[in-house]
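User: I am a first-year student, and I would like to understand how the words used to describe a structure are justified. Could we go through them one at a time?

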Amino acid sequence: MLILCRLHLDVGVLWLSWQKRLFWCSSLLHTNWLRTSHLDPPPYLKCFRVSTSTIASCPISDLAHLHSNMKKKVLLMGASGSGKTSMRSMIFSNNPASLTSRLGATIDVEQNHVRFLGDLILNLWDCGGQDAFMDSYLSIQRPTIFSHVGVMIYVFDVESREMAKDLEYYRDCLDGLSQFSKEANVFLLVHKMDLVRDGERSAVFQRKVVELEKASGDFPVKVQGTSIYDETLYKAWSSIVNTLIPNAQNLSRHLQIFAEACSATEVILFERATFLVIATSSSNASDPVTAHSLDSKRYERTSELIKAFKQSCSRLREEFHSLEMELAEFTAVLDEMTKNTYVLVVVHNPVVETAAIKMNIRMARWKFEELQGDSLVS
């Protein structure tokens with residue numbers, strides 16, 4: 001793998017396209033111009049959002065609604081030993097899978113306020129799965145536990161020997177949500193799939209899906225198989241977090257516009273701390289060769305690899321900032337998009353230079369700061 005750092009463009013071609021407006025900039029890209037930071041964005045890129053002064057003048061009821069939009073309650077439930085705390089530590093504390101065996105059992109409820117995308121706060125409730133605690137959640141603490149829930153994640157051990165009891169507790173939790181948080185999304189994670197033999201995983205998972213959907217009745221649920229040793233954990237949590245971002249589809253639409261501006265095959269937006277996928281652009285379906293060569297697990301696999309690389313940097317007491325790769329098949333640039341996100345731009349067109357991609361990222365930053373703000377207050 002060859003990693004190159006480019007400070008200038010050999011070919012003066014830069015696409016600064018937004019909403020079908022194209023600008024051709026030739027023979028004016030050099031090192032000093034690339035480093036210019038005071039360039040004003042084109043006027044047609046102006047957009048509106050709630051300003052600080054506007055928020056200050058809002059009625060108290062509107063401020064309360066704004067605050068509730070920025071704080072999302074996430075319930076993490078399941079039997080003791082099912083792997084809830086391990087996955088939480090990997091996603092939000094950047095702990096490697098090899099260290100999860102040192103984690104002790106959760107006692108009662110552990111609350112963590114995780115800042116996600118700046119002002120969006122995940123109020124994560126990791127609920128201990130021992131029988132005494134579960135009985136307390138479903139009786140004395142019922143209103144406290146199940147009120148104002150945005151998402152409930154229920155974790156099932158794929159090799160559990162007490163599945164009947166697990167399903168009984170799960171159905172009681174659904175009753176609690178129906179009573180206090182009818183709009184909550186429910187994700188069911190069939191965890192520790194790595195313990196199942198490779199040839200049997202698909203059949204075992206499908207049986208679990210049928211069993212869990214039957215136990216859920218009319219409650220809409222999404223079932224996913226996970227393991228802390230592969231990319232499935234990042235895939236599941238990315239889809240979970242995506243439901244908590246009100247304007248995720250709008251972000252995807254603007255990523256598609258940005259991809260067209262860069263002549264990119266695909267653009268992926270990651271959350272800075274967890275490297276969970278927030279939004280992606282649509283792939284170039286008009287090119288059948290490119291469309292069929294894209295790995296279906298590419299998003300989660302990228303999250304896993306970059307997270308591992310960041311951990312390696314930390315062990316060497318170095319900070320991770322950005323990454324550029326120029327290979328025979330494609331060029332990839334991973335760089336900061338906003339103060340809370342990273343963007344990965346993948347380009348198969350050999351004419352497009354990495355410096356042009358980085359300049360487009362730099363020019364788009366303020367726009368995605370605006371979009372991110374809109375997603376939190378919408």
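Analyst: We can begin with a cavity: Leu117, Leu251, Leu269, Thr338, Thr341, Phe368 and Gln372 line the second largest cavity. This is a predicted model, in which local features need pLDDT of at least 70 and side-chain atom pairs count only at pLDDT 80 or more, while totals for chains, interfaces and linings use all residues. Residues are numbered from 1 along each chain as its sequence is written, and side-chain values use heavy atoms, with hydrogens and water left out.

User: What makes these residues the lining of the second largest cavity?

Analyst: On a 1 Å grid over the protein atoms alone, a cavity is a set of points where a 1.4 Å probe fits but cannot get out, and lining residues have an atom within 4 Å of a point. The second largest cavity holds about 40 Å³ of space, the volume being the space filled by probe spheres set on the points, which are joined across faces, edges and corners.

User: Where does Thr338 stand relative to β11?

Analyst: Thr338 stands opposite Thr341 in β11. Strands are DSSP runs (E, at least two residues; helices are H or I, at least four), numbered from the N terminus.

User: Why are strand β10 and β11 said to pair?

Analyst: Two strands pair if DSSP finds at least two bridges between them; β10 (residues 331-338) and β11 have seven bridges, in the antiparallel sense, so the requirement is met. β10 and β11 also form a hairpin with two residues between them. Strand β7 (residues 266-271) pairs with β11 as well, in the antiparallel sense over six bridges, and there Val267 stands opposite Val345.

User: Why is strand β11 described as largely enclosed?

Analyst: Buried means under 20% relative accessible area (exposed is over 50%, partly exposed in between, with a 1.4 Å probe and protein chains only). Seven of the seven residues of β11 (residues 341-347) are buried, so the strand is largely enclosed by the rest of the structure. Thr341, Val343, Val345 and Val347 point one way, whereas Tyr342, Leu344 and Val346 point the other way.

User: How do you know that the length of helix α7 agrees with what is expected?

Analyst: The expected span of a helix is 1.5 Å times one less than its number of residues. The 18 residues of α7 (residues 163-180) should therefore span 26 Å, and the end C-alpha atoms are 26 Å apart, which agrees. Among the buried residues of α7 are Met163, Tyr169 and Cys173.

Note on methods. On a 1 Å grid over the protein atoms alone, a cavity is a set of points where a 1.4 Å probe fits but cannot get out, and a pocket is an open set with protein on both sides within 12 Å along at least five of seven lines; lining residues have an atom within 4 Å of a point.
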